[in-house]
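Student: I should like to study this structure step by step. May we begin with how its helices pack together?

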Amino acid sequence: MMRANVIGGLGLGIAAGAAITAGAVYLYKRSGKAIATDAAVPLPASDEEPTSDSTDDPAPEKGKSEDAWSLLPLPSDDDVDGDLETNWGSTPRDLRPLFLLAEEVTGIVGAGRILSVISFGESRWRPEAHNGAGDTKLDRNERDASQNAYEAAWKRNPPLTFGAESASFGSGGLFGMLSPYFLWTGVNELRGRALLAAEHPRVIFLPRVSAFVACVYLQRLLDHYRVDDHLDIKAGWASPGYLREPPEGGRGGDGHQRVRAKFSQHAAEVGIDLDDLSTIPKRLSTKSWPGVQVVFDRLLGTVGVA
Amino acid sequence: MNNGLQILDCYDRELNAVADLAGDFDAASAADREAWEIRQWREVARALGFAQQLDAAVAKLRGRTAGSIGLSEAGVQAFLHALGDQHAEHMPAYNLDRARVRHLCLTTLRSIGAETHSLFRLDTLSTRLPERACYRPEGPQPPTRPTGPIGITTPSASGGPVDRTVARLVLGGRPPTIETLLGLAAPSDEEVFRAFRSEVAPSYFADKHPTPASGSSYPVLLSLGTFPFVHGGLLGRHAPGLRWEAGRPWSPAALAMRTMVSLWEPAANLTQDARLVVRQYQHFRVTTDVVLGDVPQWTGDGPHTIGALYRRDGLLHVHQGSAELARCTGPRGELTAFAYNYVLRRFASFFAARRAFLRTPSALPSEARAALAKNPDPCVRSLPRKAS
């Protein structure tokens, strides 16, 4: 079902003499630890079994708000106030308002361009990017990663309506998120309530939903980890462990350096100058962070509040 | 609005629907016409990335006796401002001589286009243009940056395609050709480059050109009505006209933009032989239909696939994704949803303006009526008389 939904939509058909490549899937290597809930902010414990595992009722086919959210258009120029033209490099113009809206709703100045570079690296700006739908080693690794993530956290987190699907989903979307953690986003800040817990993991492909999760994750990185510069943001995106000191973490190690270098390379490829202080401050700040619920409401309206 | 005179039916019955993409206006009302022009400018600016500069420029015009000339110039200035920024991010190595030759050629091309009623898409031999539309790569470097900083980033580093609009022509040491004997080619001891891509191959704008390109004698084919998508074989993510660098006092992109928007105004619009535009549009529609044949129609009730391409309200729509990234590749080249929509909207603007102007010919300025009277198009030549 998932594979058909995603991959089926990518092949737009072959007309005579014409190969249509609108939806090439960009695969990317990621650590299975991405989007992990970190030990610094303990998650609330829960002994409840996940809904989809504990009931004999047939599972619903769709999440609570998937249909409504899929009808929300991408943000447009009219939805943002800031600069859509300076230091965006080759970021597609029709995606810039989404990244900028993420910046404006979070109050994290400079976040839009950082998120664009992250999205370029993770998905080449393809919202339908999916690792886990195929049978390559990478797909299997991503499915293993989401399975491990699910098994490691389901007992302490609220149940997911589509727990089994989430566990076998892998990762994807604009920002390369790992499915179970994606659906548990906000659980710490909202005292055990996860705004996406009733959703099917394929909402990961909806750019606004994906942007919401990216905003929360960015805020968590900035607030709970040592982030020395913009390159460290991507290191934390790959694995929060890279931001911890050794021996517990991998700060300063090869992996940490490799991710940092790659992010720098991606920024150059996109044409976003990470040192342009007129658009990206030297350090991103969460001092104006309005809270998870407000970010959710402003990106997705009031539709689908769990 | 009542279409009244269905002039576009004279060419192709579907053109009214195409024109509707740009909206209608009452040409007898200056305010209505200006509001329509602002809408066209906003569409162009949004697509090309200078919407905020345009809004600022339009805001400055408020309170003045704006008029379309003021609006056009403000729009071009906003475009130039943004272009400077884009050049900083995307431009390959700077070449002032290429900008100079392109600018001079475009100036001549505008005159040729007006004379031949073919401003929308120009087709002429380079030998009719200044310096045979060729430039010297070692041309003088600019003393100052013309419009913002100019980057030295490589095309691949900026994500854009390699500029293939020029072909190196080394003529030295070769036996004289008929062109050189007739004085049509560049001097034989010079190394020059073509200032424009010679698009003789079949494209989404036309079939194969009958005249082959040979040295500095080559067909110059520019669709200025769809600027900056000036070549029918380059309808990808990056519009080639945006890569025309500037250097004081040369600014070919600004000149081309002025030409494109002039087609929204009565005199230039009515000078154009619409049959040529219709032919180009029909070719575009037929050849793009080949590569878009399997793209489904958008239906309001879905289901819709994220990242997939749909036909929606006459345009291409990418569900929850970027139209810049959604592309098809056919024998006539790459075609992005972004370029397709942009080009179709420019056809729409031309036909919408033509329809509105012909609906009220008696309200046209004298210059426009004179242009109409000289237009060889049988669909329009008798109209002023009929209307009066």
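Tutor: Certainly. Please bear in mind that this is a predicted model. In chain A, the axes of helix α4 (residues 96-106) and helix α5 (residues 111-123) come within 7 Å of each other and cross at roughly 135 degrees.

Student: Which term describes the orientation of α4(A) to α5(A)?

Tutor: The crossing angle of these two helices is roughly 135 degrees. An angle counts as roughly antiparallel only over 145 degrees, and as roughly perpendicular from 65 to 115 degrees. The angle fits neither class, and therefore α4(A) is to α5(A) oblique.

Student: What is the hand of the crossing of α4(A) and α5(A), and how many nonpolar residues does their contact have?

Tutor: The crossing of α4(A) and α5(A) is right-handed. From α4(A), the contact draws on F99(A), L100(A), A102(A), E103(A) and T106(A), while α5(A) supplies A111(A), G112(A), L115(A) and S116(A). By class, one residue of this contact is charged, three are polar, and the number of nonpolar residues is five.

Student: Is F120(A) buried or exposed?

Tutor: F120(A) lies in helix α5 of chain A. Leaving aside residues up to four places away in sequence, F120(A) touches W125(A), H266(A) and V270(A). A residue is classed as buried if 20 or more other C-beta atoms lie within 10 Å of its own. F120(A) has 24 C-beta neighbours inside 10 Å, so it counts as buried.

Student: How do the axes of α9(A) and α12(A) lie to each other, roughly parallel or roughly antiparallel?

Tutor: Helix α9 (residues 207-224) and helix α12 (residues 292-300) of chain A have axes that come within 9 Å and cross at roughly 155 degrees. Angles over 145 degrees are assigned to a class of their own. These two helices are therefore roughly antiparallel.

Student: How many charged residues are there in the contact of α9(A) with α12(A)?

Tutor: On the side of α9(A) stand R208(A), V209(A), A211(A), F212(A), C215(A) and V216(A), which meet V292(A), V295(A), F296(A), L299(A) and L300(A) of α12(A). The contact contains ten nonpolar residues and no polar ones, and the number of charged residues is one.

Student: What span should helix α6 of chain A have?

Tutor: Helix α6 of chain A covers residues 137-153, which is 17 residues. The expected span is 1.5 Å times one less than the number of residues. The end C-alpha atoms are 24 Å apart, which agrees with the expected span of 24 Å.

Student: Which residues of α6(A) are buried?

Tutor: The elements covering the buried residues of α6(A) include β2 (130-131), α7 (163-167), β3 (171-172), β4 (177-178) and α8 (179-183) of chain A. The residues so covered are E142(A), R143(A), A145(A), S146(A), Q147(A), A149(A) and Y150(A).

Student: How many residues of helix α7 of chain B are buried?

Tutor: This helix runs over residues 252-262 and is mostly covered. Among its buried residues are P252(B), L255(B), M257(B), R258(B) and V261(B). Of its eleven residues, the number buried is ten.

Student: Finally, what percentage of the residues in chain B are buried?

Tutor: Chain A has twelve helices and four strands, and buried residues make up 53% of its 306 residues. Chain B has 13 helices and nine strands. Of the 388 residues in chain B, the buried share is 51%.

Terms used: Residues numbered from 1 in each chain as written. Chains lettered and ligands numbered in written order. Predicted model: local features only at pLDDT ≥ 70, side-chain atom pairs only at ≥ 80, totals over all residues. Buried ≥ 20, exposed ≤ 12 C-beta atoms within 10 Å, placed from the backbone. Axes fitted to C-alpha atoms, helices over the stretch in contact; angles between N-to-C directions. Parallel < 35°, antiparallel > 145°, perpendicular 65-115°, else oblique. Left-handed = near helix turned anticlockwise from the far one by under 90°. Contact = placed C-beta atoms within 7 Å. Nonpolar A, V, L, I, M, F, W, Y, C, P; charged D, E, K, R; others polar.
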